[in-house]
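Please look through the sequence and the structure shown below before reading on. The paragraphs that follow go through a pocket first and then through some pairs of packed helices.

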Amino acid sequence: MSLTTHPNDGSGRRNLATADLPRRVRKALDAALRLVSDELDPYLGALLDEYEQELFRLAERARNPGNESAYVRALRTFRAGRSDLVPQFMLELEAGLAAIRSPRTSAPAAPAATTFSARVLTLVDDSMTDEDSLLREIAIRQESRANLPLHLLSQRFGVLAGSPAMDAQRIPLGPQAVCRALREACRELQLGSEARELLYRLFDRVVMAHYPQVLEKLDATLDQAGILQGLTYVPVRLRPSSRQAAGRVQRRRCRTR
């Protein structure tokens with residue numbers, strides 16, 4: 001399960017207004033994006049406040065000048081770009097929706113590096129791997145909590161994409177897409193890896209804790225838009241085999257003797 005981003009079309013980040021999508025599909029996706037934006041807005045605001053306060057507390061409680069300086073820099077950097085984080089986050093989500101019918105492409109292979117560059121890249125890769133692992137854990141936790149609405153959404157978004165039902169990685173507004181959007185939005189802030197990890201953990205607690213309910217509302221919104229209207233999930237109950245049934249009959253006969 002990867003947290004790679006959707007490819008761009010070469011003209012910058014995609015948006016729904018310019019996406020080559022049928023009118024009905026664009027209208028349904030726009031309604032989905034508005035719903036998620038409205039539902040997450042108060043939680044995202046609370047996240048920004050709590051993150052700023054946490055950085056300030058950590059700077060105050062730091063036991064050595066090095067840590068204090070790092071937290072102060074992170075706080076200064078965050079305050080400078082705070083107003084851009086949520087808009088960037090929503091633009092990333094919109095880009096995923098706008099690319100719903102775009103073919104998936106694999107990333108090009110990286111060129112060979114020198115020994116020195118390889119060491120540097122290893123350190124960078126390790127940091128990114130740790131971030132991906134944390135975001136993956138957050139996404140998986142929410143997927144397990146919202147299994148039913150995600151199952152229905154995979155069908156509905158598959159219809160909107162003109163494809164079979166989507167897996168969890170591809171659902172545009174699923175937990176994995178939300179985590180990808182956060183990661184990409186954080187790049188604009190240019191925070192250090194520890195500061196980003198703190199933000200991700202607060203995001204999990206302050207925002208994603210409410211996301212299963214958002215997914216339920218999102219499923220209802222697409223249902224109202226006529227995307228597989230009335231779709232429900234009924235678990236299949238397996239009938240016992242004839243051998244199992246015969247065994248139960250035999251046991252009943254034995255008990256009556």
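A pocket, as the word is used here, is an open set of grid points where a 1.4 Å probe fits, with protein on both sides within 12 Å along at least five of seven lines, and its lining residues are those that have an atom within 4 Å of a point. The model itself is a predicted one, and the second largest pocket in this model holds about 280 Å³ of space. Its lining consists of 14 residues, and those that lie nearest the centre of the pocket are Ala70, Tyr71, Ala74, Glu194 and Ala195.

Which helices supply at least two residues each to this lining? They are α1, which covers residues 23-61, α2, which covers 65-98, and α6, which covers 193-206. The helix that gives the most is α2, with six residues. In chemical character, the lining of the second largest pocket divides into eight nonpolar, four polar and two charged residues.

We can now turn from the pocket to the helices. Two packed helices are described by the angle between their axes and the distance between the axes. The helix α2, already met at the pocket, also packs against α5, formed by residues 175-187, at an angle of about 135° and with the axes 8 Å apart. Because of this angle, α2 counts as oblique to α5, and the crossing of the two is right-handed. On the α2 side the contact involves Leu85, Gln88, Phe89, Glu92 and Leu93, which meet Ala177, Val178, Ala181, Leu182, Glu184, Ala185 and Cys186 of α5. Taken together, the residues of this contact are nine nonpolar, one polar and two charged.

The helix α1, which also helps to line the pocket, has a partner in α7, residues 211-224, and the axes of these two helices come within 10 Å and cross at roughly 150°. Angles over 145 degrees count as roughly antiparallel, and α1 and α7 are therefore roughly antiparallel to each other. Their crossing, too, is right-handed. The contact brings Ala28, Ala31, Ala32, Leu35, Val36, Glu39 and Leu40 of α1 together with Tyr211, Val214, Lys217, Leu218, Thr221 and Leu222 of α7, and these residues divide into ten nonpolar, one polar and two charged.

Finally, α7 packs against α4, which spans residues 147-161, at an angle of about 40° with the axes 10 Å apart, so that α4 is oblique to α7. Here the crossing is left-handed. From α4, the residues Pro149, Leu150, Leu152, Leu153, Arg156, Phe157 and Leu160 meet Leu215, Glu216, Leu218, Asp219, Leu222 and Asp223 in α7, and this contact is made up of nine nonpolar, no polar and four charged residues. Leu218 and Leu222 of α7 thus appear in the contact with α1 as well as in the contact with α4.

Technical notes
Residues are numbered from 1 along each chain as its sequence is written. This is a predicted model: local features need pLDDT of at least 70, side-chain atom pairs count only at pLDDT 80 or more; totals for chains, interfaces and linings use all residues. Side-chain values use heavy atoms; hydrogens and water are left out. On a 1 Å grid over the protein atoms alone, a cavity is a set of points where a 1.4 Å probe fits but cannot get out, and a pocket is an open set with protein on both sides within 12 Å along at least five of seven lines; lining residues have an atom within 4 Å of a point. Grid points are joined across faces, edges and corners, and a volume is the space filled by probe spheres set on the points. Helices (H or I, at least four residues) and strands (E, at least two) are DSSP runs, numbered from the N terminus. Ala, Val, Leu, Ile, Met, Phe, Trp, Tyr, Cys and Pro count as nonpolar, Asp, Glu, Lys and Arg as charged, and the others, Gly among them, as polar. Axes are lines fitted to C-alpha atoms, for helices over the stretch in contact, and angles run from 0 to 180 degrees between N-to-C directions. Angles under 35 degrees count as roughly parallel, over 145 as roughly antiparallel, 65 to 115 as roughly perpendicular and the rest as oblique. A crossing is left-handed if the near helix is turned anticlockwise from the far one by less than a right angle, and right-handed if clockwise. Contact means heavy atoms within 4.5 Å.
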